Structures are given as C-alpha cells and as structure tokens.
Amino acid sequence: MGSGEGKIVCVTGASGYIASCLVKQLLLRGYTVKASVRDPNDPRKTQHLLALEGAEDRLKLFKANLLEEGSYDSAVEGCEGVFHTASPFNHDVKDPEAELLDPAVKGTLNVLNSCANSSSIKRVVLTSIIAAVPTYNGKRRTPDVVDESWFTDLDYCRGLKLWHVISKTMAEDAAWKFSKEKGVDMVAINPGMVIGPLLQPTLNTSAAAVLSLIKGVQTFPNATFGWVNVKDVANAHIQAFEIPSASGRYCLVERVAHYSEVVKFLHQLYPSFQLPKKCADDRPYVPTYQVSKEKARSLGIEFIPLDVSLKETVESLKEKGFVDF
C-alpha cells in the first residue's frame, strides 16, 4: 500500500513533462488523481497518461483552461492536495504580456482561487523554476551559493527578453501574496533545467536542448544551467505535499554545469556521436555557481547524477523516435 491510499489530489497541466512524471508517481503511490488538461480529447495530450499503471481505476481527466475563471473548481473539488504545474511555455512569443505573463499570473491565481474556495484542500504545491530564484538578477553569480532566499530581478530579465523566466517569477510572486492573504498552505518547488525520461510523445524544451547537441549542431551555447532529473522533481512535489513541516520554496538542482561540460558527459557516454566541438561565441564561458541542496535534502531527495540523467534523456529520445543511433 502506498502513501496515497484513499487520498485524492489534483494535478493541473497534467500532460506536461514534469506533470506526467508526477501523475505516474502519484498513481504508483496509490493516490487517486484528478488531472486537468486543456483538451481531454487530444490523444497526444492524454494517451500517455491513460496508459499509466493505476490510471484505469484512479485517474480522472478534467478540462480546464488557465484563463477561464472557475474552470478548476470541479477539478480541485474533494482534493486534499493540488499540484499546480500548468503554465504557458513558449519561446517564440510575439506578444509576451498576452501570451505568457497574463496566463501565468492570472492562471495561477485562478487555480489558487478555486483552492481557496474548497474546504478539503490541505496544501497546494506550486511548480516554479530555479530562474525565479537566483540566476537572473544581474549580480555576478560566482562564487555565490544560491539558495531559496534569492529572487529574480525582473527589470534585468526584461532587458534580456527572458519572458518565460519573468512569467514564472511573477506567477510565483503573485501566488505567495494570494496564499498569505487567503490562508492557503502553499509550498513552491523551483527546479533547474529538467531532463530525464519523457513520458509524453511531444518534445519539451529541455529535452530539445539535449537533442540538438546529439543531432549534429556545430556549436554548443555559452550558457550555464542547474540540471535536475524529472523523477527527482516529481518526487520532491509529492514529498512537499506529504511532509507536514515542508514550507516555503525548494531549489532543485543536482549540479550546475556549463554546456561544455554537458557535451563532455555526452561524449563519454556516446563516443561515436558527432557532438559540437566549439562554443557558439568567443567570450569566456559563463561561470558556474553553487545551488544549496540543504532544503531539498530535507524532503529526502537523493539527487540522480547528471550523467545518469543525460543517458536517460538520450535513451528516451531514441525510444520516442526523435533520434536514431
């Protein structure tokens, strides 16, 4: 018997990368999952969820839209926990306010409002990103140890047009204010660049970043990210719900690595691959920094190492037909 036996929880944006893995783990632990998706009739969004172990008896799909007020009411009704992972994510934005920022902030408040109106909900776990914590505030990032007390500088991000980062930061910010006002018990999970196995048939942004490296691009980006396995991220969400003392925000990064280091790992794992040999620009490599693991460890997270995560990502991309070797 799992820890979720007899418990009902809701996962918003359930067809997404992190959410799919979260739904899988929740079902394996015995939870009944009410999963919201924008279009329950789109098999590309639901088939991989309906195929999960336990889905037949304990997965219920709900149609909900971030911008439709009250559309999450029935999804969260009767739930003890809500995992809010739904967020618009698109790099190619023409009108960032309309396409990303509004949906992220309004959507999050919309979900939280449904939660505030439900008497059964004990805790909401919000999926944010590490970028909403440390990495973009114009300060030099080394040798700082980044922890949960860091916040992103929005003006700095606007200058760099990092709309996804801004949208997640603003959404998390709005969520904290709202949850304090309405007395909603909320915990935020702030993962870095999430990689590892894919459940969904479509390509997500972080897996696409790894795919481009192994599909013969000439150069790798001059960028440094905190990397983390999707299974650890899903597990952290569940622990943050189950552990009564969990509170505030949790940074999730197994290690911070420049793309050059990622290429080096891939080369060790797959010596025959044609990997990029040089950086996209001649500037010094963007420095790495440290992210504190202390709080994450308090959730019982033992991080999967980056090389293992990369191997899982590549094998999964192969299995899903995105690459052939």
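This is a short tour of one protein chain, moving from the overall view to two helix pairs and then to a single residue. Keep in mind that you're looking at a predicted model.

**Stop 1: the whole chain**

Start with everything shown as a cartoon. You should find 12 helices and 14 strands in the protein chain. Rotate the view a bit: the C-alpha trace spans about 55 × 40 × 40 Å along its principal axes. The radius of gyration is 19 Å, which agrees with the value near 20 Å that a compact globule of 325 residues would have. Now colour by burial, if your viewer can do that: 54% of the 325 residues count as buried. Contacts reach far along the sequence, too. Among those between residues at least 6 apart, 80% join residues at least 24 apart.

**Stop 2: helices α5 and α7**

Before you zoom in, here's what to look for: two packed helices are described by the angle between their axes and the distance between the axes.

Select residues 96-116 for α5 and residues 163-182 for α7. Their axes come within 9 Å and cross at roughly 25°. That angle is under 35 degrees, so α5 counts as roughly parallel to α7. The crossing is right-handed.

Next, switch on side chains. On the α5 side, the residues that meet α7 include L100, L101, A104, V105 and L109. Reaching them from α7 are residues including I166, M170, A171, A174 and F178. Colour this contact by class and you'll get 15 nonpolar, 4 polar and 1 charged residues.

**Stop 3: helices α1 and α9**

Hide that pair and select residues 17-28 for α1, along with residues 230-242 for α9. Here the axes also come within 9 Å, but the crossing angle is roughly 60°. That makes α1 oblique to α9. As for handedness, α1 passes α9 in a right-handed crossing.

Show side chains again. From α1, pick Y17, I18, C21, L22, Q25 and L26. They meet V230, K231, V233, A234, N235, H237 and I238 in α9. By class, this contact has 9 nonpolar, 3 polar and 1 charged residues.

**Stop 4: H237 up close**

Stay in α9 and click on H237, which lies in this helix. Is H237 buried or exposed? Its relative accessible area is 0%, so H237 is buried.

Which residues does H237 touch, leaving aside those up to four places away in sequence? Select I18 and L22, then add F83, T85, V125, T127 and I189. You've already met I18 and L22: both belong to the α1 side of the contact from Stop 3.

How values were computed
Residues numbered from 1 in each chain as written. Predicted model: local features only at pLDDT ≥ 70, side-chain atom pairs only at ≥ 80, totals over all residues. Heavy atoms only, no water. Axes fitted to C-alpha atoms, helices over the stretch in contact; angles between N-to-C directions. Helix = DSSP H or I, 4+ residues; strand = E, 2+ residues; numbered from the N terminus. Parallel < 35°, antiparallel > 145°, perpendicular 65-115°, else oblique. Left-handed = near helix turned anticlockwise from the far one by under 90°. Contact = heavy atoms within 4.5 Å. Nonpolar A, V, L, I, M, F, W, Y, C, P; charged D, E, K, R; others polar. Rg over C-alpha atoms; globule rule 2.2 N^0.38 Å. Buried < 20%, exposed > 50% of the residue type's maximum accessible area, 1.4 Å probe, protein only.
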